[in-house]
Amino acid sequence: MSTDNTSYIEQIRVKGLVQGVGFRPTVYRLARELGIRGEVLNDGEGVSIIVQASYDNISIFIQHLQHQCPPLARIDQVLRNPLQTPETYIDFSITQSRNTDIHTGIVPDAATCEHCINDILNPNNQRHGYAFTNCTHCGPRLSIVRNIPYDRKNTSMESFQLCPACLQEYQNPEDRRFHAQPNACPDCGPVLSLSDNQGKIIDCQDQIGTAVSLIKQGFIVAIKGIGGFQLACDATNEKTTVTLRRRKHRPDKSFALMAKDIQQIERYCHVSNEEQEALQSHVAPIVILQCKAQQQKLSGRIAPGQHTLGFMLPYSPLHHLLLQSLDHPIVLTSGNVAEEPQCIDNQQAINKLGKIADYFILHNREIINRIDDSVIRKVDNEQLIYRRARGYAPAPVPLPQGFDPGSNILACGGEMKNSFCLVKDQQAILSQYMGNLENVSTFSDYVKNMDLYHRLFQFDAKAVVIDKHPEYLSSKYGKQLAIEKNLPLIEVQHHHAHIAACLVDNFWDLQQGKVIGVSLDGLGFGDDGTIWGGEFLLTDYTHYKRMARFKPVPMPGATKAILEPWRNTYAHLCTHCDWTDLNQRFSKLDLFNYLHQKPLDIINRMMVSNINSPFSSSCGRLFDAVAAAIGLCRERISYEGQAAVELESLIRTHELETLTPYPFELEHGKILEINPAPMWNALLSDLRNKVSRSKISARFHLFISKIIETAVKQISRQTGIKNVALSGGVFQNATLFQLALKQLQQAEFNVLTHQNIPSNDGGLALGQAAVACAILQTVDPLDCINKNGVKDG
């Protein structure tokens, strides 16, 4: 092999998140430092580098590139290919992007970097006070892109012509704004405007300063952010937060907060090193934090019934400039009505939010793609992702070893907390969180994003995957698509998909073997036509066997039982206990007085006759039943999971160490069945003995974690398997998650948990995609073109 710098030429192909992150300037700088000649460009596969140097020098170059990777970049693969070409290079250059078949990723939007923060706060800098400052290390990406390669002409910055100064930065490989596609300054970039809630522009020189003054006066200001509109108000103003709840039709669900810096957050919450790192990361998510016992005063209506607050730090220049002049945190919640998607268009926002906000901070840079804020929680050394959106999506998730790199799969996701997933080039591209598809506007957004992702990734599905629930809108969409394109259709059971998502999240190889999957959530359509939700599965990617479940209970009124927790309480008491006996022993309890005011005769007939009362093994509904029994959200919930959230919030941590779990029974049959009847008798006795609600909640959480430990141990004895995967929305409960994880690890199980993907239905599509990929590697795809798809276990 020649070592002559003038004769040896090689192509280096770099795949991963390498476009729009300053990767080419890094390549340029390293090549110049090492005396390497050649060129670098973007194309549909990532970054292509032609280098002319000695073999050893090229190897050193690649090592430096991997160690000095730009902050937002992620190198997944480096391929080297010697070239036989007579062409020689005089120096090293960055050349124009090529449009080829797309096999690369789009980088998520990133929080403002320290350099850009310094620029906007420095009075001597040309970008002082400029709300759209960015560079290759930060700023909008997915929210402004229409297509890839990620070049300015393919973004919403296309209409803003660079001024000479910005153009010089853009063209200078030594500048950190070299090929920063959203690059702009006050002379050539987007501009802010301030309007009232009728859309009338307010004539003022300092829109941000005026908005700060309005917030201090108690007004609600809608802000056009990175991925959508947000509603802001003073978080210490009780009257304003009450007004915001009333206008937004959001009576109880927590509001997110934004603070100027970590020091401001620490006035109200405990912040660990891990939590601080997450808050200050380029993702800049909302981080759920524990409230301090003694804290400075915030409005009591920010997170009613909870002992946590969701804080984030400023992640755009506009946020930084706004917060600089505020001494208190602000509420910063999604700019939408009820459960609708965030507004992204100026006129749409004024039309829809005009009855909520008093004033609007607008700008003239188009938001192409709607993206909510991400939400995470740190629990000991683990990370729980509640919502995967800005900062995370659409970064691809590599599939583990063993999966066919040629699979092109579309997984349509679930109904709640929906996201969908494309599989291409052995990577899973999980979309941003979209919400509940039952909402017409959200479903429209779902269809729009489907079209967008197919275009961005030049995606052509070879098979479609859906949840087995026949009434999910995502399932209906997938079925129709499969019919129209004559594609294989694969139905994946809900809880199997949950566990598969956890396996992918832990890079569990296709042939690595089975696990004991514990999947606990609100509901999922089961193979027997009932609602599942408290499942213990023996599973791998292709097959599953139901080993244990919570004893099924009717849900009188079906959806009404989800919205009115008292229905679950009554159904559990009637199913597991003797109602007449309970009435005699506990007749003086407030719970029984309450229930007797309800139409129990009608409810009884519904359950006996199986009229609109589907049986469910749901663990989520058991949480609701217990919450209602002790007086939480008894009549009705105003948001999904409210009863369980408030039940967990009652717990005093020290009580978990001193109390015993409520008892339960294991009933052996075709599968192991968990009967909570003993728990109900003990809980009602605690209520009669006036035991505090915090202790009852603690005992209940210990009871659920003990069930998990006991059932897993029994299944392990039957199967010899020591690997356990935990998934499903119930494991968003930090207390239960900690208890279950600790107990299983102490019992010497290898426990797999979600770290990068939500355990709730936001991760469902990833699991569906993994199952489908595995199935298609073992069966003829033509066998899947039928009504029921592949029966996977």
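**Group meeting talk: a walk through the model**

Let's start at a spot just past a helix: H18 is followed by asparagine 610, and its phi is positive, near 55°. Keep in mind that this is a predicted model.

Okay, so H18 itself. That's residues 600-608, and in there Leu600, Ile603, Met606 and Met607 are buried. Looking down the axis of H18, those buried residues fall within an arc of 120°, so they line one face of the helix. There's a handy rule behind that kind of pattern: an α-helix has 3.6 residues a turn, so residues three or four places apart point the same way. And what sits on the face of H18 turned away from the buried side? There you'll find the exposed residues Asp601, Arg605 and Val608. As for the buried residues of H18, they pack against strand S25 (553-554) and three helices, H15 (566-576), H16 (579-586) and H17 (590-595).

Now a bit further along the chain, to a helix pair. H19, residues 619-629, packs with H20, residues 642-649, at an angle of about 60°, and the axes are 8 Å apart. The crossing of H19 past H20 is left-handed. From H19, the contact uses Phe623, Asp624, Val626 and Ala627, and from H20 it uses Ala643, Ala644 and Leu647. Sort those by class and you get six nonpolar residues, no polar ones and one charged.

Next, the sheets. There's an open one with ten strands, and if you want to trace it on screen, the order is S6-S13-S7-S8-S12-S9-S11-S10-S14-S15, with mixed pairing. S6 (192-196) and S15 (382-387) are the edge strands, each with a single partner, so one side of each has no neighbour in the sheet. From one strand to the next, the twist averages 35°. Inside that sheet, S7 (221-224) and S8 (229-234) run antiparallel and are joined by four bridges, with isoleucine 223 opposite glutamine 230 in S8. Helix H10, residues 346-353, packs on the sheet and touches S6, S7, S8 and S13 (359-363), and its direction makes about 170° with that of S13.

Last stop, back toward the start of the chain: strand S2, residues 37-43. How many of its seven residues are buried? Six, so S2 is largely enclosed by the rest of the structure. S2 pairs antiparallel with S3 (46-52) over seven bridges, and a hairpin of two residues connects S2 to S3. One of the bridge pairs puts asparagine 42 with valine 47 in S3. S2 also pairs with S5 (92-94), this time parallel, over three bridges, and glycine 38 stands opposite phenylalanine 92 there.

Conventions
Residues numbered from 1 in each chain as written. Predicted model: local features only at pLDDT ≥ 70, side-chain atom pairs only at ≥ 80, totals over all residues. Heavy atoms only, no water. Axes fitted to C-alpha atoms, helices over the stretch in contact; angles between N-to-C directions. Left-handed = near helix turned anticlockwise from the far one by under 90°. Contact = heavy atoms within 4.5 Å. Nonpolar A, V, L, I, M, F, W, Y, C, P; charged D, E, K, R; others polar. Buried < 20%, exposed > 50% of the residue type's maximum accessible area, 1.4 Å probe, protein only. Arc of directions from axis to C-beta. Pairing = 2+ DSSP bridges.
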